[in-house]
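Colleague: I have a model open and some questions about it. Take me through them one by one, please.

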Amino acid sequence: MKKKQSLVFAVFLLFLISCKDNDTSEVENNELKNITDVVLVFKDSNGERIETVAINSGGEGPDDFVVADTVFLKPNEYYRMIVELVNIAEQRSFIEVVVDAAIEHMFFYSWTEGIFNSPSGNGNIDSRNDPLNYEDFDYLDRPLGLTTSWTTAAVGVGEFRVVLKHQRDLKTTTSTVADGITDMDITFPIKIVE
């Protein structure tokens, strides 16, 4: 009888632990709904910052961001890009939330072909195997994408799309933009100009 009670207790304990994990992930996911501004910060090889902003229009959906600026970059220039996720009213950054849950988050990118020399192509939204210069990773060495690097091509005009996916228990070395829940999906106009 004691063995049976111990087994029931062990199963109950596992159930409580799994519920707690689910609650933590749900809190993190709900926190991301409080993002008011997504800022793309491009730094060139001289340290010059170029910023562009998308502002949440008051909705809670991943498409409820209005792009305030065009991304203006110089031709044939190396850039390191950082995505900043903030709530302006609360003066709060959500980067730590995403980094702490890197194991279940991933940024995907696409752009008008020919805008960048590196990475080449048009991004990994249509095909996960397409090249992308990720500079940050989760503890299993899978890409996160808050920080990336880019080298522009010649003068051109196009679009630059950023998608953040929440892939709890789904993120793998081959998971795609179709896997998981979309936390945000923003398309910025981009111009490469002298």
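Colleague: In which loop does Pro119 lie?
Modeller: This is a predicted model, so the placement is a computed one. A cis peptide bond joins Ser118 and Pro119, with omega at about 0 degrees. Most peptide bonds are trans. Strand E8 covers 116–118, and Pro119 lies in the loop between E8 and E9.

Colleague: Is Asp141 buried or exposed?
Modeller: Asp141 is found in the loop between E8 and E9. Its phi is positive, about 65 degrees, although Asp141 is not a glycine. The cut-off for exposed is over 50% relative accessible area. Asp141 has 58%, so it counts as exposed.

Colleague: What is the relative accessibility of Gln91?
Modeller: Gln91 sits in the loop between E5 and strand E6 (92–93). Phi of Gln91 is near 50 degrees, a positive value in a residue other than glycine. Most residues other than glycine have a negative phi. Gln91 counts as exposed because its relative accessibility is 74%.

Colleague: Why does Asn87 count as buried?
Modeller: Asn87 lies in strand E5. Buried means under 20% relative accessible area. Asn87 counts as buried because its relative accessibility is 7%.

Colleague: Which residue has its backbone nitrogen 3.1 Å from a polar atom of the Asn87 side chain?
Modeller: Leaving out residues up to four places away in sequence, Asn87 touches Asn34, Thr36, Arg92 and Phe94. The residue in question is not in that list. The backbone nitrogen at 3.1 Å from the side chain of Asn87 belongs to Ala89.

Colleague: Which residues have the most contacts inside the largest nonpolar core?
Modeller: That core has 41 residues. Several elements each supply at least two of them, including strand E1 (37–44), strand E5 (78–87), helix H2 (95–100), strand E7 (105–111) and strand E10 (156–166). In soluble globular proteins, nonpolar side chains tend to be buried together. Those with the most contacts inside the core are Phe42, Leu85, Tyr109 and Phe160.

Colleague: Which are the edge strands of the four-stranded open sheet?
Modeller: The order is E4-E11-E10-E7, and the pairing is mixed. Each edge strand pairs on one side only, and these strands are E4 and E7.

Colleague: Over how many bridges do E10 and E11 pair?
Modeller: E10 and E11 are neighbours in the order E4-E11-E10-E7. Arg161 stands opposite Thr187 in E11. The sense of the E10 and E11 pairing is antiparallel, and the number of bridges is eleven.

Colleague: How many helices and strands does the protein have?
Modeller: From the N terminus on, the elements run α-β-β-β-β-β-β-α-β-β-β-β-β. Among contacts between residues at least 6 apart in sequence, 66% join residues at least 24 apart. The protein has two helices and eleven strands.

Colleague: Where is confidence lowest?
Modeller: The protein averages a pLDDT of 85, and 81% of the residues score at least 70. Over residues 2–28 pLDDT stays under 50, and the model has eight contacts beyond four places in sequence for them. Where pLDDT is low, the predicted coordinates should not be read in detail. Confidence is highest in strand E9 (residues 147–152), at 98, and lowest, at a mean of 45, in helix H1 (residues 2–32).

How values were computed: Residues are numbered from 1 along each chain as its sequence is written. This is a predicted model: local features need pLDDT of at least 70, side-chain atom pairs count only at pLDDT 80 or more; totals for chains, interfaces and linings use all residues. Side-chain values use heavy atoms; hydrogens and water are left out. A nonpolar core is a set of buried Ala, Val, Leu, Ile, Met, Phe, Trp, Tyr and Cys residues joined through side-chain atoms within 4.5 Å. Buried means under 20% relative accessible area, exposed over 50%, partly exposed in between (1.4 Å probe, protein chains only). A polar contact is a pair of N or O atoms within 3.5 Å; within protein, one must be able to donate a hydrogen and the other to accept it, and residues adjacent in sequence count only if both atoms are side-chain atoms. Contact means heavy atoms within 4.5 Å. Two strands pair if DSSP finds at least two bridges between them. pLDDT is the predictor's confidence in each residue, from 0 to 100.
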